[in-house]
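Q: Please take a close look at the interior of this model. I would like a connected account that goes through it residue by residue where that helps, with the cut-offs stated.

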Amino acid sequence: MEISEEMSLNELPEGCIATALSFTTPQDVGRLSVVSPMFMLAAVSDVVWERFLPRDLESILSTSPDGSRLMASAASKKELYFSLCENPVLVGNGRKSFSLEKKSGKKCYRLSARDLLITWGDSPEYWTWNSDPTSRFPEVAELISVCWLEISGKINTSMLSPATLYTAYLVLKLSIDIHNYGLDDQPVAVAMKLDGEESYTRTVSWSAERRRGQVPRNERGDGWLEIELGEFFTKEGKDGELGIRVFDGTTHWKRGLIVEGIEIRPKQGARGASPSS
């Protein structure tokens, strides 16, 4: 009698399939879950989603009352994962927000305007701080009137996912006030430095389409605009401080810029290390 050594995928233990799935990506798990009923069962296992969550997640969320409640209330690791993808959590005394990129599980941060250094930001004749119902933060910064426009931020790359190509964006609005001026098509210098060494410089411009009644090309879909500032790569085992500076020192006056913060997220289409790093 001949004994077949072949085994159907459906005959594999669920735990074995779950372990195999954990070495893929969240996006792959979604695709593979339709292969068979056994894969569908394995795809919801905590074994899978535990690996997609950052290893230091508990430490990150411990700085946030909302994060601590989420950790305690999530019914599964999968639920926790998707909650962090869809509902950013305020951390660092509410001055940053933390989330995960849905398709990869890599870390994303947004630095609030209060977490940035804005020249003259504490002078009410130049900048004012207001609440905005569309912002995830308690306050946003609105430009009253300045010539010297300078916004800086920094983050330690140890907070981000390693071996990942990231892009930084300035998240903003342009006031619809008729006195909004000095920003259309105006060139703005951007510099990014890693450990004090200038690694990236470019010139960007404020969006002019909104002023002409058109849909801005950098519209996010949440009521905010974004301007790409630059990209950088987080090296495995090498941490450092990333500094970002947005600067317009021209002599003409500017008014009507509303700043929510700087967002740092994985570059679209880029691949890198496993998300749990």
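A: Helices are DSSP runs of H or I with at least four residues and strands are DSSP runs of E with at least two, both numbered from the N terminus. This is a predicted model, in which local features need pLDDT of at least 70 and side-chain atom pairs count only at pLDDT 80 or more, while totals for chains, interfaces and linings use all residues. Residues are numbered from 1 along each chain as its sequence is written, and side-chain values use heavy atoms, with hydrogens and water left out.

The protein chain holds seven helices and 13 strands. Of its 277 residues, 45% are buried; buried means under 20% relative accessible area, exposed over 50%, and partly exposed in between, with a 1.4 Å probe and protein chains only. Contact means heavy atoms within 4.5 Å. Among contacts between residues at least 6 apart in sequence, 69% join residues at least 24 apart.

The largest nonpolar core has 60 residues, of which L84, F98, W127, W206, L229, L257 and I264 touch the most other members. Strand 8 gives the most to this core, with five residues. Because domain 1 (14-90) and domain 2 (108-266) both give residues to the core, it lies between them. A nonpolar core is a set of buried Ala, Val, Leu, Ile, Met, Phe, Trp, Tyr and Cys residues joined through side-chain atoms within 4.5 Å, and the domain bounds come from an automatic or database assignment. In soluble globular proteins, nonpolar side chains tend to be buried together.

The helices come next. In helix 1 (residues 14-21), the buried residues are I17, A18 and L21. They cover an arc of only 100° around the axis, which puts them on the same side of helix 1; the arc is that of the directions from the helix axis to the C-beta atoms. An α-helix has 3.6 residues a turn, so residues three or four places apart point the same way. The cover over the buried residues of helix 1 includes helix 2 (26-32), helix 3 (37-42) and helix 4 (46-52).

Helix 7 (residues 77-86) buries L80, Y81, S83, L84 and C85. Its buried residues are covered by elements including helix 2, helix 4, helix 5, helix 6, strand 1 (89-91) and strand 2 (96-100). L84 also appears among the contacts of F98, which, neighbours within four places in sequence left aside, are P54, L57, I60, L61, L84, P88, V89, V91, K107, C108 and Y109.

S64 sits in the loop between helix 5 (57-61) and helix 6 (65-73), and is buried at 2% relative accessibility. Its side chain reaches the backbone oxygen of L90 at 2.8 Å. Neighbours within four places excluded, S64 is in contact with V89, L90 and V91.

W127, one of the core residues named above, lies on strand 5 (residues 127-130), where W127 and W129 point to one face and are buried, while T128 and N130 point to the other and are not. Strand 5 pairs with strand 6 (residues 140-143) in the antiparallel sense over four bridges, and A141 is the bridge partner of W129. Two strands pair if DSSP finds at least two bridges between them.

K173 belongs to strand 8 (residues 164-174) and is buried, with a relative accessible area of 17%. The side chains of K173 and D132 make a polar contact at 3.0 Å. A polar contact is a pair of N or O atoms within 3.5 Å; within protein, one must be able to donate a hydrogen and the other to accept it, and residues adjacent in sequence count only if both atoms are side-chain atoms. Residues up to four places away not counted, K173 touches D132, T134, G223, W224, G256, L257 and I258.

Two residues lie in the loop between strand 7 (149-156) and strand 8: A163 and T157. A163 is not a glycine but has a positive phi of about 50°, and is buried at 17% relative accessible area. Most residues other than glycine have a negative phi. T157 is buried at 6%, and lies 5.5 Å from G240, C-alpha to C-alpha, although the two are 83 residues apart in sequence. The contacts of T157, residues up to four places away not counted, are L194, F232, T234, K238, D239, G240 and L242.
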